[in-house]
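The exercises below ask for a reading of a structural model by means of simple geometric criteria. Each task is followed by a solution in steps.

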Amino acid sequence: MRNWMSLQADFGNFQYRGNVYVFALKMSFLTIILSGVIMALTIPPLRLLGLLPVTLWHAIGFGAIFSWLVGGTVSGMLSLAAGFALHELTLSRAEFEKLSRTDTLSGLLNRRAFTEALENTEGNASLVIFDVDRFKAINDRFGHGCGDAVITAVSAMLISAFDDMSVVARLGGEEFGVIISGEPLEARMERIEGVRTRIASGAIAAEGHDIRITVSGGVADLAAGRSKQAVYASADRALYLAKALGRNRVVHEREGLHHAWHGLVDNGLNAKGRSDESDNVMQAYGI
């Protein structure tokens with residue numbers, strides 16, 4: 001009995017109002033059945049002892065009526081009250097869980113939810129970390145209201161660019177993360193490049209300004225036996241390299257060595273005149 005009621009009280013059963021009525025009906029029938037069992041166990045001994053004030057059949061009839069009209073009705077009403085209370089509690093808990101996993105500004109998943117999704121991702125997939133280029137300058141020039149508008153606009157473009165098999169999140173500040181699954185690597189890279197191009201080709205209207213932005217991205221692939229921490233670190237290094245190579249570009253982890261060497265040399269960062277940033281990039285890629 002106790003285990004059965006515990007199963008009925010599972011919060012998941014009370015997400016919808018219809019389940020509340022089903023729960024109350026079940027509890028009413030359970031009460032009637034238990035009342036019938038109690039009558040079957042008590043009326044015959046009372047009759048044998050001569051303690052029944054009425055005949056056996058009258059006692060059974062009165063007991064059945066009492067069970068159905070009183071026991072069933074009272075149990076049903078109490079179960080409805082308890083069910084609707086659990087229904088409201090279930091909705092409140094679901095809303096709280098949603099808020100705890102959602103970034104309030106962008107409406108995307110937050111870092112915590114994204115980390116959980118990354119840990120649960122298996123198979124052929126890629127992680128890309130996007131970062132809005134020179135975002136601090138946007139805030140300084142146009143104000144934080146425009147900065148928030150940029151975050152919201154980029155979030156909307158990321159959502160529209162990736163399907164339901166992908167996970168999109170705001171990792172914090174101007175940084176976004178996407179887990180792309182279910183496509184060959186070439187198709188994933190095309191989609192990522194398409195997002196970068198789309199963001200760079202338009203302007204975001206905010207508070208009377210047309211703000212043009214670009215994003216940089218770093219990509220790393222998930223593979224069997226490879227830790228998620230290693231994947232994230234590799235994508236982060238690729239993003240750092242994309243920034244060092246001039247921003248507004250996407251760098252895959254496999255291209256790291258090529259870009260780190262040829263790109264930095266093409267930019268004139270030779271051994272005599274290298275910046276601290278280029279030293280850090282080259283050190284990160286073992287150059």
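The conventions come first, and four exercises follow.

**Conventions.** The model is predicted, with local features requiring pLDDT of at least 70 and side-chain atom pairs counting only at pLDDT 80 or more, whereas totals for chains, interfaces and linings use all residues. Residues are numbered from 1 along each chain as its sequence is written, and side-chain values use heavy atoms, with hydrogens and water left out.

**Exercise 1. Describe the chain as a whole.**

Step 1. Helices (H or I, at least four residues) and strands (E, at least two) are taken as DSSP runs numbered from the N terminus. The chain has ten helices and seven strands.

Step 2. Buried means under 20% relative accessible area, exposed means over 50%, and partly exposed lies in between (1.4 Å probe, protein chains only). Of the 287 residues, 39% are buried.

Step 3. A contact means heavy atoms within 4.5 Å. Among contacts with a separation of 6 or more, 67% join residues 24 or more positions apart.

**Exercise 2. Test the geometry of helix α7 (residues 185-201) and identify its buried side.**

Step 1. The expected span of a helix is 1.5 Å times one less than its number of residues. For the 17 residues of α7 this gives 24 Å, and the end C-alpha atoms are 24 Å apart, so the two values agree.

Step 2. The buried residues of α7 are Leu185, Arg188, Met189, Ile192, Val195, Arg196 and Ile199. They lie on the same side of α7, because they cover an arc of only 120° around the axis. The arc is that of the directions from the helix axis to the C-beta atoms.

Step 3. An α-helix has 3.6 residues a turn, so residues three or four places apart point the same way.

Step 4. Glu186, Glu190 and Ser201 are exposed on the face turned away from the buried side. The cover over the buried residues includes β1 (125-132), α6 (144-161) and β3 (175-181).

**Exercise 3. Which parts of the chain does the salt bridge between Asp103 and Arg170 tie together?**

Step 1. A salt bridge is a side-chain nitrogen of Lys or Arg within 4 Å of a carboxyl oxygen of Asp or Glu. The whole structure holds 13 of them.

Step 2. Asp103 and Arg170 meet at 3.2 Å, N to O. Asp103 lies in the loop between α3 (56-100) and α4 (111-120) and Arg170 in strand β2 (residues 167-172), so the pair ties together parts 67 residues apart in sequence.

Step 3. Asp103 is buried because its relative accessible area is 16%. Arg170, at 14%, is buried as well.

**Exercise 4. Characterise the salt bridges of helix α8 (residues 228-244) that involve Lys228 and Lys243.**

Step 1. Lys243 pairs with Asp133, the closest N and O atoms being 2.7 Å apart. Lys243 is in α8 and Asp133 in the loop between β1 and α5, 110 residues apart.

Step 2. Lys243 is buried at 14% relative accessible area, and Asp133 is buried at 4%.

Step 3. Lys228 forms its salt bridge with Glu122 (3.7 Å, N to O). Glu122 is in the loop between α4 and β1, 106 residues from Lys228.

Step 4. Here the partners fall into opposite classes: Glu122 is exposed at 61% relative accessible area, whereas Lys228 is buried at 12%.
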